[in-house]
Amino acid sequence: MQDAALMLEIPCEVSDSFDRIVQERETRVLRAAYRILGNWADAEDVAQEVFLRLHRHGLSFANDAAFGAWLYRVTVNLCLDRTRVRSARPSVEITELPSVEQSAEASLIREQEKTQLMAALATLPPRERAAVVLREIEGLSTRDVAEAMGSAEVTVRSQVAKAIGRLRGLMTREAR
Amino acid sequence: MTEDKIRELFREMRDEPIPGASRARVRMAVAERTQSWRERIRRRWKLAAMILVPVCAALVVLVARGPVRTTPGTPASGTPVVTQPMIAENAEPAAPPQTPVNSSPPVVRVKRRIVKPRSADTAEAAALIRIETPDPNIVILLIGG
């Protein structure tokens with residue numbers, strides 16, 4: 001069953017559908033929030049707020065894509081609000097996510113690169129960071145990113161290109 | 001580092017699992033807060049029901065009893081209630097109705113006369129004229145004053 005169809009049941013006493021949606025979507029919401037904010041504590045707070053809003057409003061969506069776009073939009077907005085309040089660059093946790101099994105040395109190098117990339121990502125302006133996270137990490141189309149961020153597709157394309165260019169510069173400097 | 005390498009690293013990040021502790025914390029917090037929200041809604045419904053049920057019952061009883069007969073209320077100042085119709089001293093009696101409207105008994109109007117006590121001086125000053133008629137049983141008394 002599609003999540004959009006499940007949403008119609010939320011206002012009722014039956015909460016199974018809501019719990020299922022939380023289970024299915026929490027990974028994406030948490031991951032996006034973590035990549036934008038740079039730490040798990042804030043990402044958890046944002047994810048909670050996203051699902052509470054979903055529960056409170058009991059919104060119904062035309063289709064799964066609309067539901068997904070709504071989730072990402074709320075997530076991005078909450079993350080941007082949070083970065084605005086803190087007004088500082090997000091602090092990147094050194095502890096990285098456990099990666100796929102590789103040879104010990106290659107795995108170590110890979111992890112190091114990812115940590116560097118996360119640190120570089122944290123230096124980007126919040127909106128550019130959010131655009132890169134949604135486009136490159138979450139794998140959304142430019143159109144979906146534009147919808148989630150309330151921007152034009154051209155703006156998103158430009159933000160992502162600019163951000164990747166900056167990241168490349170930062171990573172090259174780090175490698176030297 | 002090339003752009004392709006950066007994109008590849010990002011793609012790998014997408015596949016990385018989320019820490020179970022974070023997921024569990026989010027799930028627990030959401031469940032706790034949505035349950036309390038549910039409880040709040042339930043409590044409001046109970047309160048509303050407690051108010052609405054007696055009101056509805058009272059309305060049903062009132063509607064079932066039909067129109068209510070009203071009785072005149074007692075005045076708050078404690079003055080005695082006049083149940084008889086008061087008629088002014090010099091009021092003229094109302095003309096009798098030409099056609100009886102209903103079969104209720106006619107109201108008997110009592111004409112009250114208030115006799116004011118005269119002072120002694122006034123009584124003495126009053127002139128008395130006595131006229132005797134041929135009939136010894138009839139005497140006309142004219143009292144002037």
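I count two residues as in contact if their C-beta atoms, placed from the backbone, lie within 7 Å. The model I am looking at is predicted.

**Entry 1, L134(A)**

I began with L134(A) and left aside its neighbours within four places in sequence. I found L134(A) in contact with A32(A), Y72(A), L140(A), V145(A) and A148(A). I then looked up the largest nonpolar core, which has 49 residues. L134(A) is one of the members that touch the most other members, along with A33(A) and A47(A). I asked which helix gives the most to this core. It is helix α2 of chain A, residues 16-37, with ten residues. I note as background that in soluble globular proteins nonpolar side chains tend to be buried together.

**Entry 2, chain A as a whole**

I listed the elements of chain A and got eight helices and zero strands. From the N terminus on, the order is α-α-α-α-α-α-α-α. Chain A has 176 residues, and 37% of them are buried. I also looked at contacts in chain A between residues at least 6 apart in sequence. Of these, 66% join residues at least 24 apart.

**Entry 3, α4(A) and α7(A)**

Two packed helices are described by the angle between their axes and the distance between the axes. I looked up both for helix α4 (residues 64-86) and helix α7 (residues 142-149) of chain A. The angle is about 55° and the axes are 8 Å apart. That angle makes α4(A) oblique to α7(A). I recorded the crossing of the two as right-handed. On the α4(A) side I found A69(A), Y72(A), R73(A) and V76(A). They meet D144(A), E147(A), A148(A) and M149(A) in α7(A). By class, this contact of α4(A) with α7(A) has five nonpolar, no polar and three charged residues. Y72(A) and A148(A) were already in my notes as contacts of L134(A).

**Entry 4, L167(A)**

I moved to L167(A), which lies in helix α8 of chain A, residues 153-175. Is L167(A) buried or exposed? It counts as buried because it has 26 C-beta neighbours inside 10 Å, and the cut-off for buried is 20 or more. Not counting residues up to four places away in sequence, L167(A) touches L117(A), A120(A), L121(A) and I6(B). I also checked L167(A) against Q116(A): the two are 51 residues apart in sequence and 9.8 Å apart in space, C-alpha to C-alpha.

**Entry 5, chain B**

The contact of L167(A) with I6(B) took me to chain B. I found three helices and two strands there, in the pattern α-α-α-β-β along the sequence. Chain B has 145 residues, of which 6% are buried.

**Entry 6, where the chains meet**

I counted 29 residues from chain A and 22 residues from chain B in the contact. On the chain B side, the elements that give two or more residues are α1 (3-15) and α2 (20-65). α2(B) gives the most, with nine residues. The chain B side divides into eleven nonpolar, two polar and nine charged residues.

I then looked up one helix pair across the chains, α5(A) (residues 104-122) and α1(B). Their axes come within 10 Å and cross at roughly 100°, which makes α5(A) roughly perpendicular to α1(B). E113(A), K114(A) and L117(A) make the contact from α5(A), and I6(B), L9(B) and M13(B) make it from α1(B). By class I noted four nonpolar, no polar and two charged residues. L117(A) and I6(B) in this contact are also among the residues that L167(A) touches.

Conventions. Residues are numbered from 1 along each chain as its sequence is written. Chains are lettered from A and ligands numbered from 1 in the order in which they are written. This is a predicted model: local features need pLDDT of at least 70, side-chain atom pairs count only at pLDDT 80 or more; totals for chains, interfaces and linings use all residues. Ala, Val, Leu, Ile, Met, Phe, Trp, Tyr, Cys and Pro count as nonpolar, Asp, Glu, Lys and Arg as charged, and the others, Gly among them, as polar. A residue is buried if 20 or more other C-beta atoms lie within 10 Å of its own, exposed if 12 or fewer, and partly exposed in between; C-beta atoms are placed from the backbone. A nonpolar core is a set of buried Ala, Val, Leu, Ile, Met, Phe, Trp, Tyr and Cys residues joined through C-beta atoms within 7 Å. Axes are lines fitted to C-alpha atoms, for helices over the stretch in contact, and angles run from 0 to 180 degrees between N-to-C directions. Angles under 35 degrees count as roughly parallel, over 145 as roughly antiparallel, 65 to 115 as roughly perpendicular and the rest as oblique. A crossing is left-handed if the near helix is turned anticlockwise from the far one by less than a right angle, and right-handed if clockwise.
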